[in-house]
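Colleague: I would like a close look at the charged pairs here, and at what lies around them. Could you take me through that part slowly?

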Amino acid sequence: MAYEINQVLPRSFGRLKSSESNRPTFASHVRHALASLLPRYGLLIAFLALWQVSSTRGWINPTIFPPLNVILSALWTNLANGALLDDIAISLQRSGTAFAFAVVVGIPLGLFMGQFRAVEQALDPILQLFRQTSALALYPVFILLLGLGETSKIFVIFWATLFPVLLATISGVKEVDQKLIEMARTYGAGSLTVFRRVILPASVPAIFVGLRLSATTALLLLIAAEMIGANKGIGFQVMNAQYNFQIPLMFAAILLLAFLGLAANALLVLLQRRLCRWSQPNA
């Protein structure tokens with residue numbers, strides 16, 4: 001009996017020891033997280049660390065390039081006291097309105113032009129001319145026509161954000177596999193059914209590419225629009241802080257714009273994944 005116990009216990013302890021050794025430890029979790037994050041964000045982390053160290057130790061002029069902790073402190077202070085909240089709301093209203101108009105105009109027009117070659121050939125030259133004309137170069141014209149109010153600011157952002165959505169939608173419609181369209185028609189599908197069941201779903205990934213480009217463009221043009229004739233907005237805060245030599249606040253406003261751009265892009269990516277699950281590799 002004692003011999004059997006002596007034989008069983010070592011095997012039991014061995015199994016317990018092996019099972020404990022196979023459990024993931026905190027250190028393994030950390031190594032796994034670093035292995036997944038460093039290839040993607042390692043260069044960005046190194047850049048931010050170099051900025052912090054260089055500014056703190058005086059390798060670069062801290063008056064022009066303040067340390068990151070000073071910039072984050074200025075951002076938090078102005079958010080906490082509400083100084084930037086009104087600017088965020090106004091800027092989002094301007095860019096969001098222009099982006100919405102670009103979507104409402106660009107997607108239907110792109111779907112229409114993509115299906116009818118004659119319409120595309122007629123409109124493409126003038127669209128290419130307008131697309132190659134800088135929205136900032138036309139901003140004085142918009143001010144003369146629409147004044148210095150909100151309308152001219154929204155319209156210049158709309159002008160710049162329209163073309164990425166429009167061209168991406170046209171490209172998405174033209175790249176639909178013709179065999180799918182022919183197969184649908186073979187099974188008796190009408191033009192409306194083919195558009196709704198085949199062309200539109202197949203164009204959605206390309207449309208979202210245009211939406212993401214337009215969202216980024218809207219924030220970029222927002223700065224220029226708010227630098228002229230504005231007294232509110234994040235772009236105005238960037239210029240006002242630069243004029244008053246409030247460099248940490250200037251960088252804080254720029255950093256805030258970057259965060260808004262990342263949030264808008266992440267929201268569109270999430271929406272695309274939900275609407276285009278069929279196109280995901282792991283779906």
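Modeller: Happily; I will start with the whole chain, then go to the salt bridges, and end with the packing around them.

This is a predicted model, in which local features need pLDDT of at least 70 and side-chain atom pairs count only at pLDDT 80 or more, while totals for chains, interfaces and linings use all residues. Residues are numbered from 1 along each chain as its sequence is written, and side-chain values use heavy atoms, with hydrogens and water left out.

The chain has eleven helices and zero strands. Here helices (H or I, at least four residues) and strands (E, at least two) are DSSP runs, numbered from the N terminus. Of the 283 residues, 33% are buried; buried means under 20% relative accessible area, exposed over 50%, and partly exposed in between, with a 1.4 Å probe and protein chains only. Among contacts with a separation of 6 or more, 70% join residues 24 or more positions apart, a contact being heavy atoms within 4.5 Å.

Now to your charged pairs. Side chains of opposite charge can pair when their charged atoms come close. A salt bridge is counted when a side-chain nitrogen of Lys or Arg is within 4 Å of a carboxyl oxygen of Asp or Glu, and the whole structure holds three of them.

Begin with R94 and E150, whose closest N and O atoms are 2.7 Å apart. R94 sits in helix α4 and E150 in helix α7, so this salt bridge ties together parts that are 56 residues apart in sequence. R94 counts as buried because its relative accessibility is 4%, whereas E150, with a relative accessible area of 39%, is partly exposed.

R94 also forms a salt bridge with E226, and there the closest N and O atoms are 2.8 Å apart. E226 belongs to helix α9 and R94 to helix α4, so the parts tied together by this pair are 132 residues apart in sequence. Both R94 and E226 are buried.

E120 and K174 make another salt bridge, with 3.1 Å between the closest N and O atoms. This pair links distant parts of the chain, as E120 is in helix α5 (residues 117-132) and K174 in helix α7, 54 residues apart. E120 is buried at a relative accessible area of 13%, while K174 is partly exposed at 44%. As for shared partners, R94, E150 and E226 are joined into one network.

The helices that hold these charges also take part in nonpolar packing. A nonpolar core here is a set of buried Ala, Val, Leu, Ile, Met, Phe, Trp, Tyr and Cys residues joined through side-chain atoms within 4.5 Å. The largest such core has 42 residues, and V156, I157 and I234 touch the most other members. At least two residues come from each of α3 (68-80), α4, α6 (135-146), α7 (150-174), α9, α10 and α11. The largest share, ten residues, is supplied by α7. A second, separate core of 18 residues includes V176, A184, A215 and L268.

A few residues let you see this packing in detail. Leaving out residues up to four places away in sequence, V156 touches A135, Y139, F142, L221 and A225. S152 is a helix α7 residue and is buried, with a relative accessible area of 0%. On the same sequence cut-off, S152 touches Y139, F142, I143, L146 and G147. Over in helix α9 (residues 191-226) you will find S214, again buried at a relative accessible area of 0%. Its contacts beyond four places in sequence are F99, T161, P164 and V165.

Helix α10 (residues 234-243) has I234, G235, Q237, V238, M239 and A241 buried, and the buried residues of α10 pack against α4 (85-115), α9 and α11 (247-275). After α10 comes F245, with a positive phi near 60°.
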